[in-house]
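Visitor: I should be grateful for a close look at a single part of this model. Please begin with one residue and then place that residue within the wider chain.

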Amino acid sequence: MKKLLKNIAVVLFGKSSSRSFPRGLIFLFDCLIVLFSYLLVMAIQWYALPDSMTMTVIFQHFLCVLSAFAISFLITKSHIGLLRYAGFRDIIRISTTCLLALIILFIGKFIVTQIDTSALSFFPSYYKLFAITFVTLVMLTLSRLIIRRIYNEYFRIHLQPVNAIIYGAGDAGPITLNALGQDTSCQYTVISFIDDSKQKIGKSINGIKIRSSEEVLNHNFIDKYKITTMIVAIPSLSKSQRQVLINRGLDLGLNVKSVPHVSTWINNSLTSSQIENIKIEDLLGRDAIILGQDDVKHEVADKVVMVSGAAGSIGSEICRQLIHYKPSHLIMIDQAESPMYDLEFELTHEQPFASMNVPLDFIVANVKDFGRMNEVFAKFKPQYVFHAAAYKHVPLMEKFPYEAVLVNVFGTKNMADLSIKYGVEKFVMISTDKAVNPTNVMGATKRIAEIYTQSRKTGTTKFITTRFGNVLGSNGSVIPLFKKQLAKGGPLTVTDKNIIRYFMTIPEACSLVLKAATMGDDGNIFVFDMGEPVKIYDLAQKMIQLAKMPNVQIEITGLRPGEKLYEELLATKENTIPTVEPKIMRAKVREYETPEVDAQIDDLFQALISFDKFKIVKKMKEIVPEFVSNNSDFTILDHQDDEFTRKTDL
C-alpha cells in the first residue's frame, strides 16, 4: 500500500515536496470530477432513463452542468489552493462553489422555461441537478482529502520524528496541533497537551490527553516519552509568564517554540512555518511598553523634522516611526555612506514606507562640520531635531578621546547652536545610562553634551534629553556579538561573571523618545523604565541553551577599559519626578548657568586642539566631577594633585 501511495505521489508531485499543481491543471481536474459525477448519476439512473434521453441530450445536459460549474470555479477560485494543504476552509469554498453552480443552473433553467419551453431539454431535471451537485461536492471534497493524505504519507513518512508537547489547551492548542500535522520538515508526534485549568486536565483533544504542568514538565516524563520539543500555544501570555515557562523548558533541555499572536497569522490561519523558535530577546526585559501616540502625531505631523545619526540602529528606527506620523518633510543626516544607502533604499522602495508620500531627504554629512551643518539647517529650516549621532563604543573611545569629544560634545554643540540660530522648536538629544557617574570617556562626553544642551536658555528652542540603556540588536551590542561567536563554535566572551546591563528593544526605545519629546519642557532629562537588569553571564548561558550547543564555553576576559559592572540611570545625587506616562520619569538634576558652561566648553576646546589625550580627559573630569575612570590609563588623573608631574603618553 505504501509503495502504491509513493508511486501515486511521485506522479502527482514529482520527487520534490515543494512542487505543486499548476492552477490550470487543478481547474481541468475539477472539471473532470464534474464529468465523473454526472456520469455516475446517469449510471445510477440508467434503467430509469426515458427513451428521449439520447446521447445528444446527455451531451447537452453535461455541457450545461459543466458550464455552470466552470463559471463557479472561476468566481470562487476554488482551484487556486494548494491541494496538499486542503483543510476546512477549502471544503467551505468547495461547498460555496457547488451551491453557486446549482443556483446558476436553476436560474438558467427558469429563464429558458419562460422564454422557450422547447429548449427545456437542454437542462436536466431539478432532481438530477440536486443529485449531480451533491455527488460533485462529495467527489471534490474527497479528492482534496485523498491527495492531502497521499502527500503526507509519501513526503512525511521519512521525515525526522519529533516528540513534542503543546503548552496550552485553549483555542490555539488544537490549531497548533493541526499546523504541526502539515509540517513538511518534521514529523511531529504530540505526546500531551499541558494546561493549568483544572477543568481541562484529564480531558483530551483529538485523542491527546491534557495534563498538568507538574505532571509533564519534569525529567521523568520527558525522558520516558523522549520529548525534545515544547510549543507554547498561549499567545496572550505576558512576557514575564513566558519567561518563566521558557526557562522551565530550557532547563529540561527542550527545544522551545512559540505560537505568535493571532494578529500576525497569515489569512487568519496558522501554519507550521509561523511557529517560531524562541529567541534570546524573549528572555529579556519585561512586557512590551505600549504607548498612546496620538500626541506624537499631533506634535510632529506637518512639521519639518531632522534626524542626525539617521542610519544608526536608533536613528533609523526613529525615522521609520516618524514617517507614520506624516511630517511635512523628513531630513536624515549621517556620515556613514553604506548604511545611509541601505536606509534610503528601505524607505523609498519597501512597504509601507514607499507609499507614505512623505518628502524625504538623505544627506551624507558629519555633525562635527559646522559649516556643512549650517548649510543644511539654512536650506531645510527644521522645526524638530532628533540628535542621535554619536560615537558609543566604550573601549574604542577610551583609546581615542579626541574623536569622542569632537563628535559627542562639539558635534552636539553644533547641532544645538544651529537649532537656536534657525528657530527649531524642540531639540531632542539621545543620551545613555553611561552618562550617569561615568567611568569612561564615552559616558563623560555624553554627560557634557547633556550639560551643554541643558544650559541653553533661549525661550524659543526647547532642549530635551532622553536616557536609556542597551537596546537589543543595536550595532555593536552584546547579542549580535554572541551570535557571531556561536556561529564560529565559541567561546562566548564575557568581561565579568557579575556584570549586569539593562535592555530594551529598539522600537520601544524610539517610541519612548518620541513620547518624551511631546512631554518635555526646556532642560528636561527623561529616564525610561528599563525593567530588571540582566546578568550578561546568564544571558550567555541562555544563548548556548537556545543554540543547542552545550559544549560551547564561556570565557571571562576581564573588564575592558572604561567598563563598569553595572550602569545607572540616575546619578547618586539625583532623583526622579513621575510624569503622566508611568514608563517615563523626569530626572531632577543640577541646573547649569550658560556663562559657566560656555567657559568650560571653551577650555575643553583648548585642551582638544592640543591633541594631548590626558589634557582632554583631565578637563572632562573638571567639568564632570563624578567622572572617575575605571580600568583605564586615565585612572592616574583621579589620584594626582596639582604638583603631580605625569609622563606624556602620545
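Guide: A residue counts as buried when its relative accessible area is under 20%, as exposed when that area is over 50%, and as partly exposed in between. The model is a predicted one, and the residue chosen for the close look is Arg-467, which is placed in strand S13, residues 462–467. The relative accessible area of Arg-467 is 1%, and Arg-467 is therefore buried. Where does the chain bring Phe-528 with respect to Arg-467? These two residues are 61 positions apart along the chain, yet their C-alpha atoms are separated by 6.7 Å.

The setting of this residue is a chain of 650 residues, of which 50% are buried. The chain contains 21 helices and 22 strands. Among contacts with a separation of 6 or more, 77% are between residues 24 or more positions apart. The accessible surface amounts to about 31,400 Å², and carbon and sulfur atoms account for 57% of that area.

The confidence of the prediction should be kept in view. The mean pLDDT is 81, and 82% of the residues reach 70 or more. Residues 8–19, by contrast, have a pLDDT below 50, although this stretch has 23 contacts in the model beyond near neighbours in sequence. Residues 641–650 also fall below 50, with nine such contacts.

Charged side chains can be considered next. How many salt bridges does the chain hold? The count comes to 17. In one of them, Glu-403 is paired with Lys-368, with 3.3 Å between the closest N and O atoms. Glu-403 belongs to helix H15 (residues 401–421) and Lys-368 to the loop between strand S10 (360–364) and helix H13 (370–380), so this salt bridge ties together parts that are 35 residues apart in sequence. Both partners are partly exposed: the relative accessible area is 27% for Glu-403 and 29% for Lys-368.

Asp-433 and Lys-434 provide a contrasting case, their side chains meeting in a salt bridge at 3.9 Å from N to O. Is this pair buried or exposed? Asp-433 has 0% relative accessibility and is therefore buried, and Lys-434 is likewise buried, at 12%.

A further salt bridge joins Asp-638 to Lys-621, at 2.8 Å from N to O. Asp-638 lies in the segment after helix H21 (613–623) and Lys-621 within helix H21, so that the pair, 17 residues apart, links distant parts of the chain. Here the two partners fall into separate classes, Asp-638 being partly exposed at 26%, whereas Lys-621 is buried at 11%. Salt bridges also link Glu-317, Arg-320 and Glu-346 in a network.

Aromatic side chains form another group of interactions. The chain has 11 aromatic pairs. One of these is edge-to-face and consists of Phe-27 and Phe-73, with 6.0 Å from centre to centre and 85° between the planes. Phe-27 is part of helix H2 (residues 23–44) and Phe-73 part of helix H3 (residues 55–76), so the pair ties together parts that are 46 residues apart in sequence. Phe-27 is partly exposed, with a relative accessible area of 22%, while Phe-73 is buried, at 1%. Phe-27 and Phe-73 belong, together with Phe-69, to one aromatic cluster.

The surface of the chain completes the account. Which residues make the nonpolar surface patch of about 820 Å²? They are Leu-99, Ile-103, Ile-107, Phe-110, Ile-111, Ile-115, Tyr-126 and Phe-130. Two or more of these residues come from each of helix H4 (88–115) and helix H5 (126–156). Helix H4 gives the most, with six residues. Phe-130, which lies in helix H5, is partly exposed at 47% relative accessibility.

To return to the residue of the close look, Arg-467 is buried at 1% relative accessible area, in strand S13. Phe-130 in the nonpolar patch, by comparison, is partly exposed at 47%.

Note on methods:
Residues are numbered from 1 along each chain as its sequence is written. This is a predicted model: local features need pLDDT of at least 70, side-chain atom pairs count only at pLDDT 80 or more; totals for chains, interfaces and linings use all residues. Side-chain values use heavy atoms; hydrogens and water are left out. Helices (H or I, at least four residues) and strands (E, at least two) are DSSP runs, numbered from the N terminus. Buried means under 20% relative accessible area, exposed over 50%, partly exposed in between (1.4 Å probe, protein chains only). Contact means heavy atoms within 4.5 Å. Accessible areas come from the Shrake-Rupley method with a 1.4 Å probe; for residues, only the protein chains shown count as cover. pLDDT is the predictor's confidence in each residue, from 0 to 100. A salt bridge is a side-chain nitrogen of Lys or Arg within 4 Å of a carboxyl oxygen of Asp or Glu. Patches are made of residues with over 30% relative accessible area and no salt bridge: like charges are joined within 9 Å, nonpolar side chains (Val, Leu, Ile, Met, Phe, Trp, Tyr) within 5 Å. Rings of Phe, Tyr and Trp (its six-membered ring) pair if their centres lie within 6.5 Å; planes under 30 degrees apart count as stacked, over 60 as edge-to-face and the rest as tilted.
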